[in-house]
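Hi,

Here is the structure I said I would pass on. Have a look at it first, and my notes follow underneath.

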Amino acid sequence: MVPPPSAARPTGGPPPPPLLPALLRGAAGACPACSKGRLFHGFLRPAPSCSACGTGLARIRSDDAPPYVTLFIVGHIVVPLMLMAERALAPPLWLMVALFLPLAALLSLGLIRPVKGATIGLMLHLGITGDDQPSRGT
Ligand SMILES: [Zn+2]
């Protein structure tokens, strides 16, 4: 049986935020817990903790999830566009590369930060940090 999110979070601290607000706040770059502090300290580096509510943000490790989700979204945008362009216009290969490679790169750069914020919001809601290790019988 999976414990509820409140039971999975570390002891102490505020209760986990509701799912949808946590996702939206994180995607907007705000603290998923309170929406008043900033989530990021750099482009993708989470702030050590929220300046407004003190929630530890740097301890939440989203690892490969944001790039995976970003590439999933970008692929579902760029590949259909490439197929439609190929079918309708049959442009030369150099033009396809010149158009869609920068498009994919720009979309990836534009989406990675909101996706990472939403991922951190989801992890905060679920009460997981990403570095949870099973105990080794000590
Ligand atoms: Zn906060």
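Let me start with a helix pair: the axes of α3 (65–89) and α4 (93–126) come within 8 Å and cross at roughly 150°. Axes here are lines fitted to C-alpha atoms, for helices over the stretch in contact, with angles running from 0 to 180 degrees between N-to-C directions. That angle makes α3 roughly antiparallel to α4, because anything over 145 degrees counts as roughly antiparallel (under 35 is roughly parallel, 65 to 115 roughly perpendicular, and the rest oblique). The crossing of α3 and α4 is right-handed, meaning that the near helix is turned clockwise from the far one by less than a right angle (anticlockwise would be left-handed). On the α3 side the residues that meet α4 include V69, I73, I77 and L81, and their partners in α4 include F100, L103, L107 and L111. Contact means that two C-beta atoms, placed from the backbone, lie within 7 Å.

Some background before I go on. This is a predicted model, in which local features need pLDDT of at least 70 and side-chain atom pairs count only at pLDDT 80 or more, while totals for chains, interfaces and linings use all residues. Residues are numbered from 1 along each chain as its sequence is written. The chain averages a pLDDT (the predictor's confidence in each residue, from 0 to 100) of 88, and 85% of the residues score at least 70. Watch residues 1–11, where pLDDT stays under 50 and the model has 13 contacts beyond four places in sequence.

What is the chain built from? It has four helices and zero strands, in the order α-α-α-α. Helices (H or I, at least four residues) and strands (E, at least two) are DSSP runs, numbered from the N terminus. Of the 138 residues, 22% are buried; that takes 20 or more other C-beta atoms within 10 Å of a residue's own, whereas 12 or fewer is exposed and anything in between is partly exposed. Among contacts with a separation of 6 or more, 57% are between residues 24 or more positions apart.

Next, α2 (residues 19–27), in which A22, L23, R25, G26 and A27 are buried. What covers these buried residues includes α4. The α2 and α4 axes come within 6 Å and cross at roughly 150°, so these two are roughly antiparallel as well, and their crossing is right-handed. From α2, L19, A22, L23, R25, G26 and A27 take part, meeting α4 residues that include P114, G117, I120 and L124. After α2 comes G29, with a positive phi near 85°.

Now for the core. The largest nonpolar core (buried Ala, Val, Leu, Ile, Met, Phe, Trp, Tyr and Cys residues joined through C-beta atoms within 7 Å) has 15 residues, and those with the most contacts inside it are C31, L39, L57, I60, I120 and L124. Both α2 and α4 supply at least two residues each, and the largest share, five residues, comes from α4. In soluble globular proteins, nonpolar side chains tend to be buried together. I120 is a good one to click on: beyond its neighbours within four places in sequence, I120 is in contact with G26, P32, L39, P46, L57, I60 and S62.

Where do positive phi values turn up outside glycine? S35 has one of about 70°, and A90 has one near 50°. S35 sits in the loop between α2 and α3 and is partly exposed, because it has 18 other C-beta atoms within 10 Å. A90 belongs to the loop between α3 and α4 and counts as exposed, because it has 8 C-beta neighbours inside 10 Å.

Two more spots to look at:

- S51 is in the loop between α2 and α3 and is exposed, with 12 C-beta neighbours inside 10 Å. S51 touches G37 and R38, leaving out residues up to four places away, and its C-alpha is 8.9 Å from that of C31, 20 residues apart along the chain.
- T129 is in the segment after α4 and is partly exposed, with 16 C-beta neighbours inside 10 Å. T129 touches R59, I60, R61 and M123, again leaving out residues up to four places away. The C-alpha atoms of T129 and G56 are separated by 9.9 Å, with their positions 73 residues apart along the chain.

Cheers
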